[in-house]
Amino acid sequence: MSKRIHIVVGHYGSGKTEFAINYALKLKETHEKVMIADLDIVNPYFRTNDVRQMLEAKGISVLASPYAGSNVDIPALPADILRLFDDKSSAVVLDVGGDEDGAVVLGRFRQQLEEEGYEMLFVVNAFRPLTKDADSILEFLREVEAASRLKTTGLVNSSNLQGLTTAEDIIKGQRAVEETAAKSGIPVAYIAGIPEALQGLEAQYGEKLFPIARFLDLGYEF
């Protein structure tokens, strides 16, 4: 978390937005000012804006499309998007769209991001069909990098089966993520999961463990 700007990318169903929300909350523990920007202009469901009230109550600023939370599905960036770069005193989390089309938005700000520096965390759920192994993960990762014209700096194992997730599931997903790390040279930054699924993994994975709370209403429970 040494950089000011933290970009979170990942496929649909990876747990990307849930991780981004929890990451912003974690940053608030050490930063007076934190912003989270909903840059997912592709997927109108399960967005950061859905928990705006909770985040703002905790002192986190939320930047979102003026159409977020409405029934109008129009790709649009937050009107105040440049605050991300103007306010150097704020830590920033960017929740970016779940495919290469969504990642294109980052290309608009490539110069600013490269000048200031950033971390880009690629969130992986190895139980999703399009990111089920190292080769498929790498293929999708490279597509996102090409679209955004930015480089991934860390991998996040967010392998989950919602409420059924166990420690064994986390370990299984970690094997795929570690193989991806070995092939790409991109380090594993975090292993994210609900606290119950991370129990007993402390000795094996240590500080990489990142417990998350679930804030998004998926409309069902496993």
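What share of the contacts in the protein chain with a separation of 6 or more comes from residues 24 or more positions apart? I looked this up before anything else and found 74%, for residues 24 or more positions apart, where contact means heavy atoms within 4.5 Å.

I note that this is a predicted model, in which local features need pLDDT of at least 70 and side-chain atom pairs count only at pLDDT 80 or more, while totals for chains, interfaces and linings use all residues. Residues are numbered from 1 along each chain as its sequence is written, and side-chain values use heavy atoms, with hydrogens and water left out.

**Whole chain.** I listed nine helices and eight strands in the protein chain, taken as DSSP runs numbered from the N terminus (helices H or I, at least four residues; strands E, at least two). Of its 222 residues, 55% count as buried, that is, under 20% relative accessible area, with exposed over 50% and partly exposed in between (1.4 Å probe, protein chains only).

**Aromatic pairs.** I found eight aromatic pairs in the structure; rings of Phe, Tyr and Trp (its six-membered ring) pair if their centres lie within 6.5 Å, and planes under 30 degrees apart count as stacked, over 60 as edge-to-face and the rest as tilted. Phe19 and Phe210 form a tilted pair, at 5.1 Å centre to centre and 50° between the planes. Since Phe19 lies in helix α1 and Phe210 in strand β8, this pair ties together parts that are 191 residues apart in sequence. Both Phe19 and Phe210 are buried, and ring pairs link them with Tyr23 and Tyr190 into a cluster.

**Nonpolar cores.** I took a core as a set of buried Ala, Val, Leu, Ile, Met, Phe, Trp, Tyr and Cys residues joined through side-chain atoms within 4.5 Å. In the largest, of 44 residues, Ile7, Leu84, Leu94, Leu106, Leu113 and Phe122 touch the most other members. Leaving aside neighbours within four places in sequence, Leu113 is in contact with Ile5, Ile7, Phe85, Leu106, Tyr118 and Leu150. Apart from the largest core lies another, of 24 residues, among them Leu27, Leu121, Phe210 and Leu216.

**An exposed site.** I then turned to Ala146, which is found in helix α6 (residues 134-148). Ala146 is exposed, with a relative accessible area of 57%. Ala146 and Gly107 are 39 residues apart in sequence, and I read 9.3 Å between them in space, C-alpha to C-alpha.
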